[in-house]
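Me: I'd like to zoom in on one spot here and then work outwards. Could you take me through it in one go?

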Amino acid sequence: MPTQVIIGAQWGDEAKGKIVDVLSASADMVVRYSGGNNAGHTVIVDGQVHKFHLLPAGILYPHITAVLGAGTAICPKALLDEIDRSTGKNSKLAVSPCAHVVFPYHRYLDQLEEEARGVNKIGTTSRGIGPCYTDKVQRIGIRM
């Protein structure tokens with residue numbers, strides 16, 4: 001089965017979401033293999049603006065099965081909110097049971113750690129992704 005992989009070469013806006021959206025027209029699945037809802041991309045379909053932070057852009061195509069893979073960090077509330085505003089009832093979404101859950105305490109830790117850096121802040125979005133991945137690496141994280 002032919003496979004296409006879109007990987008960013010730098011931090012920041014690279015139009016990965018746009019590329020994924022365009023390529024999804026001729027795909028069966030779109031898989032997000034890592035990351036959380038700390039980034040985002042905007043896709044315009046039929047004049048309607050869709051903002052994604054966690055869901056793969058290709059989920060708007062009715063024939064696509066969208067997958068949030070084992071490497072993703074998922075805030076359940078953010079995921080449900082995004083599903084409510086971004087997808088129709090015919091969308092197919094699969095979530096890996098190995099994906100890690102972002103809890104409210106991850107967000108709080110993220111904010112505290114950023115504040116503690118003082119002038120050396122790294123510019124986190126304070127959505128808890130980093131602390132969630134810390135739990136993953138320490139093998140203490142809770143999975144979906």
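In this predicted model, which is Y105: buried, partly exposed or exposed?

Reply: Y105 is partly exposed, because its relative accessibility is 42% (buried means under 20% relative accessible area, exposed over 50% and partly exposed in between, with a 1.4 Å probe and protein chains only). Before going on, some ground rules: the model is predicted, with local features needing pLDDT of at least 70 and side-chain atom pairs pLDDT 80 or more, while totals for chains, interfaces and linings use all residues. Residues are numbered from 1 along each chain as its sequence is written, and side-chain values use heavy atoms, with hydrogens and water left out.

Y105 has an aromatic partner in F103: the ring centres are 6.0 Å apart and the planes sit at 10°, so the two are stacked (rings of Phe, Tyr and Trp, the last by its six-membered ring, pair if their centres lie within 6.5 Å; planes under 30 degrees apart are stacked, over 60 edge-to-face, the rest tilted). The count of aromatic pairs comes to one. F103 is partly exposed too, since its relative accessibility is 29%.

Y105 falls within helix 3, which covers residues 104–116 (helices are DSSP runs of H or I with at least four residues, strands are E runs of at least two, and both are numbered from the N terminus). Follow that helix along and you get to E114, which counts as buried because its relative accessible area is 8%. E114 has a salt bridge to R117, with the closest N and O atoms 2.9 Å apart (that is, a side-chain nitrogen of Lys or Arg within 4 Å of a carboxyl oxygen of Asp or Glu). R117 is partly exposed at 30%.

The E114 side chain also has backbone partners. One of its polar atoms lies 2.7 Å from the backbone nitrogen of G123, and the backbone nitrogen of T124 lies 3.3 Å from a polar atom of that side chain. Leaving aside neighbours within four places in sequence, E114 is in contact with K121, I122, G123 and T124 (contact means heavy atoms within 4.5 Å).

A bit further along comes S126, in the loop between helix 3 and helix 4 (129–137). S126 isn't a glycine, yet its phi is positive, at about 60°, and the residue is buried at 16%. R139 makes a nice counterpart: here too phi is positive without a glycine, at about 65°, but R139 sits in the segment after helix 4 and is exposed at 77%.

What about the other salt bridge? The whole structure has two. K77 and D81 form one of them, again with 2.9 Å between the closest N and O atoms. Both belong to helix 2 (residues 76–86), and being four residues apart puts them about one helical turn from each other. K77 is exposed at 56%, whereas D81 is partly exposed at 32%.

R32, in strand 1 (residues 29–35), is a charged residue to pause on. R32 is buried but has no salt bridge, and the nearest side chain of opposite charge, E82, is 6.6 Å away (Lys and Arg count as positive, Asp and Glu as negative, His and the chain ends not at all). What the R32 side chain does have is a polar atom 3.0 Å from the backbone oxygen of L54. Beyond four places in sequence, R32 touches H53, L54, P56, V67, L68, G69 and T72.

L54 and L68 turn up again among the contacts of L79, alongside L55, I74, L93 and V95, with residues up to four places away not counted. L79 is one of the best-connected members of the largest nonpolar core, which has 14 residues; F52 and I74 join L79 in having the most contacts inside it (such a core is a set of buried Ala, Val, Leu, Ile, Met, Phe, Trp, Tyr and Cys residues joined through side-chain atoms within 4.5 Å). Strand 4 (residues 65–74) supplies the largest share of this core, three residues. Another core of six residues lies apart from it, with A78, V102, I129 and C132 among its members.

Last, the other end of the chain: G8 sits in the segment before helix 1 (16–24). G8 is partly exposed at 35% and, sequence neighbours within four places aside, is in contact with E14 and K16.

Technical notes
Polar contact = N/O pair within 3.5 Å; in protein donor to acceptor, adjacent residues only side chain to side chain.
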